[in-house]
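Visitor: I am new to this structure and should be grateful for a close look at a single part of it. Might you take me through the stretch towards the end of the chain, and set it in its surroundings?

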Amino acid sequence: MVHPMRENGQFLSLNEIREWRKQQMIAGQPNDLLDYYRIHDICMRCGGLGTVFTYLGGASKPSGTTICPSCQGTCHWTETK
Ligand SMILES: [Zn+2]
């Protein structure tokens, strides 16, 4: 589960995202979760956290966290996969 952050550092709720997607759909606008991240300038890889979990040797549980390689910890949207 991802927790996109607002600019003031507060986390968005999943309900808020769902509501946004519903409004976008009604308006005939792009409403994918990725669209949400892109439009709100949130990194899709880390979900605005700035860090991602690291997994060693295909382990099922994360061994720790590291700076997000997509946004370099800035939490901003990047086109990088
Ligand atoms: Zn990131």
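Guide: Of the 81 residues of the protein chain in this predicted model, 15% count as buried. The chain has 2 helices and 2 strands, and from the N terminus on these elements follow the order α-α-β-β. Among contacts between residues at least 6 apart in sequence, 43% join residues at least 24 apart.

Let us turn to the part requested, beginning with strand E2, which covers residues 64-67. Ile67 lies in this strand. Ile67 is partly exposed, because 13 other C-beta atoms lie within 10 Å, whereas a buried residue needs 20 or more. When residues up to four places away in sequence are not counted, Ile67 touches Gly50, Thr51, Gln72 and Gly73. One of these partners, Gly50, is 17 residues from Ile67 in sequence, yet the two C-alpha atoms are 6.1 Å apart in space.

Another of the partners of Ile67 is Gln72, which is found in the segment after E2. The phi of Gln72 is near 60°, a positive value in a residue other than glycine. Gln72 counts as partly exposed, because it has 13 C-beta neighbours inside 10 Å.

Cys75 is also found in the segment after E2. Its phi is near 70°, and here too the positive value occurs in a residue other than glycine. As to its surroundings, Cys75 has 21 other C-beta atoms within 10 Å and is therefore buried, while Gln72 is partly exposed.

Cys75 also belongs to the largest nonpolar core, which has 8 residues. The other members are Ile42, Cys43, Met44, Cys46, Leu49, Cys68 and Cys71. One member of this core, Met44, touches Leu34, Tyr37 and Trp77, not counting residues up to four places away in sequence.

For contrast, one may look back to helix H1, residues 14-26. H1 is hardly covered, and the count of buried residues among its 13 residues is 0. At 1.5 Å a residue, the helix should span 18 Å, and its end C-alpha atoms are 18 Å apart, so the two values agree. Just after H1, Gly28 takes a positive phi of about 75°.

To return to the part you asked about: Ile67 in strand E2 touches Gln72 in addition to other residues, and Cys75, in the segment after E2, is a member of the largest nonpolar core.

Methods. Residues are numbered from 1 along each chain as its sequence is written. This is a predicted model: local features need pLDDT of at least 70, side-chain atom pairs count only at pLDDT 80 or more; totals for chains, interfaces and linings use all residues. Helices (H or I, at least four residues) and strands (E, at least two) are DSSP runs, numbered from the N terminus. A residue is buried if 20 or more other C-beta atoms lie within 10 Å of its own, exposed if 12 or fewer, and partly exposed in between; C-beta atoms are placed from the backbone. Two residues are in contact if their C-beta atoms, placed from the backbone, lie within 7 Å. The expected span of a helix is 1.5 Å times one less than its number of residues. A nonpolar core is a set of buried Ala, Val, Leu, Ile, Met, Phe, Trp, Tyr and Cys residues joined through C-beta atoms within 7 Å.
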